[in-house]
Amino acid sequence: ILALPLSAMAEDGVFERGLLFRIQPPGGGPPSHLFGTIHSDDPRVAHVPALVQRWFNRSRALALEVVPNARATTAFAAAMTFDDGRTLSDLLPADVYQASIRALAARGLPEPAVRSFKPWAVTTLLSMPESETGRSLDMVLYRKALAAGMPVVGLETMQEQLAVFEGLSAADQVALLREALTSLPSMPAMFESLIEAYQRRDLAGLMELGGRYSDSADPALAERFRDALIHARNARMAQRVTPMLADGGYFIAVGALHLPGPGGLLNRLAAEGFGVEPLY
């Protein structure tokens, strides 16, 4: 295992490297561990490194962004479609609709299967790499916890995660979908860059790529979406994880993009007096 350099935390307090951090309560007591995941089933990253597994095994409970059980999966699938008689073509300009149908068909989703999809659902599908196994790193950890009889808790509900998308106006949904369609040719290279930065444990690089990935022809829309998708959720997750960290013994796994930056979980916890030590 490579040791992290001292520059894992920059002079301005922004953590730049690392995926696994020991979190020590300000008043002492047993530590917890915070691990940054990547929501991909690419075999290069959909496994638990040995050092991470060691600290996972010593933990008494697992905390994920949301518990990925059947109830959550069903709720997400139900929210993706209209239930009031509207269809995708009712909201989209003809050119965006036809481009969406072609892009979804290329992923094995024919037009009859997607007619009732909401625009944000199409954007979500097209903005993620195609899944081969469905076993992302978060799911791997979840299944390990279940096999070990380890309690699993969520830092958010599925309804709270869905609110990020459901709260978008129809116009914003259409604008984001148009952006996703325009970006389709460059997405494989972007996904590859994200995988490589994650393999390097390069939080600063992931943050830069994440910002570039969410750039939009409408900067105000891009900022609103980033605020809802990352910043507001960071604040909520930090608040909910604090009592867990005070108790100690938790293994907390969230998307790596929630860790870095002035408003990221690492800085928020450090500001609350928790000791934050990079391990991997």
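User: How much area does the protein chain expose, and what share of it do carbon and sulfur atoms supply?
Analyst: Happy to start there: accessible areas here come from the Shrake-Rupley method with a 1.4 Å probe, and for residues only the protein chains shown count as cover. The protein chain exposes about 13,200 Å². Carbon and sulfur atoms supply 57% of it.

User: What kind of model is this, and what average pLDDT does the protein chain have?
Analyst: This is a predicted model, where local features need pLDDT of at least 70, side-chain atom pairs count only at pLDDT 80 or more, and totals for chains, interfaces and linings use all residues. Residues are numbered from 1 along each chain as its sequence is written, and side-chain values use heavy atoms, with hydrogens and water left out. The pLDDT is the predictor's confidence in each residue, from 0 to 100. At least 70 is the score of 93% of the residues, and the protein chain averages 92.

User: Over which residues is the pLDDT below 50?
Analyst: In the model, this stretch has 20 contacts beyond near neighbours in sequence, a contact being heavy atoms within 4.5 Å. The stretch is residues 1-13.

User: Which residues touch the most other members of the largest nonpolar core?
Analyst: A nonpolar core is a set of buried Ala, Val, Leu, Ile, Met, Phe, Trp, Tyr and Cys residues joined through side-chain atoms within 4.5 Å; buried means under 20% relative accessible area (1.4 Å probe, protein chains only). The largest one has 57 residues. Those touching the most other members are L34, F35, Y198, F251 and I252.

User: Which helix gives the most to this core?
Analyst: Helices are DSSP runs (H or I, at least four residues), numbered from the N terminus. With seven residues, the top contributor is α10.

User: How far apart are the end C-alpha atoms of helix α9, and why does that agree with its length?
Analyst: Helix α9 covers residues 170-183, which is 14 residues. The expected span is 1.5 Å times one less than the number of residues, so α9 should span 20 Å. Its end C-alpha atoms agree with this, being apart by 20 Å.

User: Which elements do the buried residues of α9 pack against?
Analyst: The buried residues of α9 are D172, Q173, V174, L176, L177, A180 and L181. They pack against α3, α4, α6, α8, α10 and α12.

User: Is R201 buried or exposed?
Analyst: R201 is found in the loop between α10 and α11. Its phi is near 60°, a positive value in a residue other than glycine. With a relative accessible area of 8%, R201 is buried.

Key: Helix = DSSP H or I, 4+ residues; strand = E, 2+ residues; numbered from the N terminus. Buried < 20%, exposed > 50% of the residue type's maximum accessible area, 1.4 Å probe, protein only.
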